[in-house]
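The following report walks through a single protein chain, moving from model confidence to helix packing, core composition and selected residues. Please keep the sequence and the structure in view while reading.

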Amino acid sequence: PASSSLIGDLYQPHARARAMSVFMVGLPLGVALSYAVGGMVAQHYGWRPAFFVAGVPGLVLGVLCLFMREPQRGGAEILGVGAARRPGSPYLLVLAIPTMGWIIISGALHNFNLYALSFFLPAFLIRYHRVSVEAAGFISAVVIGTVGAAGMLLGGWLGDLWARRRPDGRMLLACITLLASAPAVYVAISRQPGALASFMVFQALASLLMYVYYANVYSTIHDVVEPVLRGTAMALYFLAMYTLGASLGPLGTGWLSDRLARKAALGAGYPLAHGTMVPDQFRAIGLQQAMYVIPAICVLLALVLFAGAVTVRKDVERLRDWMRHVSGKCHP
């Protein structure tokens with residue numbers, strides 16, 4: 001929340017999606033490194049040492065953040081409002097914005113998908129496509145991380161371009177790309193075991209489209225919330241993203257995978273006593289079937305983003321009217 005709020009103070013509205021995309025490109029690149037380096041370390045030294053690889057760089061970067069200069073609040077706004085805000089509870093003010101409600105719901109759905117995919121993709125490759133741990137890490141790094149970074153940057157550029165033409169451009173772009181990602185991820189999951197080339201092509205396309213979401217939705221929050229409340233708005237948004245989306249994505253997908261695996265084993269006539277481990281071939285089937293929830297949620301997410309695109313125009317104009325009023329008082 002703090003980083004996003006700082007970017008809003010440093011960049012003007014027409015450039016924020018691009019600025020957000022450069023900032024957020026660390027997400028897919030970090031995912032790519034975690035898969036590639038973590039897979040290699042786990043393959044050769046075991047899974048426990050993989051957890052220590054990122055510790056020292058993270059601490060160093062955390063210390064460097066202490067030397068960042070604080071920008072002027074609202075300093076990049078076309079209409080200067082500084083630290084002014086509407087009276088009332090900051091949380092209620094943010095939640096009363098219709099577009100923020102849709103964005104918060106979208107964050108929970110999107111993180112459900114991204115964390116389910118990120119968490120289970122290596123396991124899916126190992127169980128279903130029968131690749132090594134190291135190979136699973138490399139493939140995951142390419143089809144989620146590297147391609148996702150390209151989608152992030154492309155989404156930021158396109159988002160600013162569309163926003164110049166219409167206030168709902170960023171939300172519409174996120175809606176269209178998420179809807180298009182649904183058939184791509186569906187086809188990727190449905191590939192036959194061993195069909196790694198076609199799996200990588202379709203999953204890479206899906207990741208490219210899914211990562212367009214971040215820069216455009218984050219910058220839209222800045223379009224509908226005054227500068228002094230943007231950290232609060234991002235905090236409420238992240239609260240839903242992680243407590244509902246990121247937590248329930250792996251948990252829900254794993255729960256569904258276990259039950260579908262047992263169902264597949266029983267359907268094949270394999271005897272399963274209470275507490276018996278399900279054989280790997282049925283665990284592969286269960287995980288593949290469970291991952292079909294991801295394209296279904298992509299469609300639902302696109303509908304939520306479209307609802308946000310419907311409300312954002314009025315919310316943008318409402319904020320601009322308030323900023324004109326406050327700016328007029330500050331600069332008669």
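Helices are here DSSP runs of H or I with at least four residues, numbered from the N terminus. The model is a predicted one, and its mean pLDDT is 88, with 97% of the residues reaching 70 or more. Confidence is lowest in helix H3 (residues 26-45), where the mean is 79, and highest in helix H8 (residues 169-189), where the mean is 96.

## Packing of H2 and H7

How are helices H2 and H7 oriented relative to each other? Helix H2 (residues 16-24) packs with helix H7 (residues 133-165) at an angle of about 170°, and their axes lie 7 Å apart. Because angles over 145 degrees count as roughly antiparallel, the two helices H2 and H7 are therefore described as roughly antiparallel to each other. On the H2 side the contact involves Arg16, Ala17, Arg18, Ser21, Val22 and Met24, which meet Met152, Leu153, Gly156, Trp157, Gly159, Asp160 and Arg164 of H7. By residue class, the contact of H2 with H7 is made up of six nonpolar, three polar and four charged residues.

Phe23 is also placed in helix H2, and with a relative accessible area of 38% it is partly exposed. Beyond its neighbours within four places in sequence, Phe23 is in contact with Ser3 and Ile7. The C-alpha atoms of Phe23 and Ser4 are 8.6 Å apart in space, although 19 residues separate the two in sequence.

## Two residues of H7

Ile144 and Thr146 both belong to helix H7, and they can be read side by side. Ile144 is buried, with a relative accessible area of 1%, whereas Thr146, at 47% relative accessibility, counts as partly exposed. Leaving aside neighbours within four places in sequence, Ile144 is in contact with Pro28, Val31, Tyr35, Leu117, Ser118, Leu121, Ser207 and Tyr211. On the same basis, Thr146 is in contact with Ala32 and Ala141.

Several of the residues discussed in this report have a partner that is distant in sequence, and the table collects these pairs with their C-alpha separations.

| Pair | Separation in sequence | C-alpha distance |
|---|---|---|
| Ile144 and Leu29 | 115 residues | 9.0 Å |
| Thr146 and Val25 | 121 residues | 9.6 Å |
| Phe23 and Ser4 | 19 residues | 8.6 Å |
| Val217 and Arg170 | 47 residues | 7.0 Å |

## The nonpolar cores

Which residues touch the most other members of the largest nonpolar core? In this core of 74 residues, they are Met100, Tyr214, Tyr218, Tyr237 and Leu305. Helix H6 (residues 98-127) supplies the largest share of the core, namely twelve residues. Apart from this core lies another, of six residues, among them Ala261, Ala264, Ala265 and Leu272. As general background, nonpolar side chains tend to be buried together in soluble globular proteins.

Tyr237, one of the residues just named for touching the most other core members, is in contact with Ile103, Ile104, Gly107, Tyr213, Val217, Tyr218 and Ile221 once its neighbours within four places in sequence are left aside.

Val217, which appears in that list of contacts, is found in helix H10 (residues 212-224) and, at 0% relative accessibility, counts as buried. Not counting residues up to four places away in sequence, Val217 touches Ile103, Met171, Ala174, Tyr237 and Leu305. Ile103 is thus a contact of Val217 and also of Tyr237.

## H6 and the loop that follows

Is His110 buried or exposed? His110 lies in helix H6, and its relative accessible area of 0% makes it buried. Residues up to four places away in sequence aside, His110 touches Leu178, Met210, Tyr213, Tyr214 and Leu301. Tyr214 in this list is also among the residues that touch the most other members of the largest core.

Arg130 is found in the loop between H6 and H7, where it has a positive phi of about 60° although it is not a glycine. With a relative accessibility of 65%, Arg130 counts as exposed.

Key:
Residues numbered from 1 in each chain as written. Predicted model: local features only at pLDDT ≥ 70, side-chain atom pairs only at ≥ 80, totals over all residues. Heavy atoms only, no water. Axes fitted to C-alpha atoms, helices over the stretch in contact; angles between N-to-C directions. Parallel < 35°, antiparallel > 145°, perpendicular 65-115°, else oblique. Contact = heavy atoms within 4.5 Å. Nonpolar A, V, L, I, M, F, W, Y, C, P; charged D, E, K, R; others polar. Buried < 20%, exposed > 50% of the residue type's maximum accessible area, 1.4 Å probe, protein only. Core = buried A, V, L, I, M, F, W, Y, C linked by side-chain atoms within 4.5 Å. pLDDT = per-residue confidence, 0-100.
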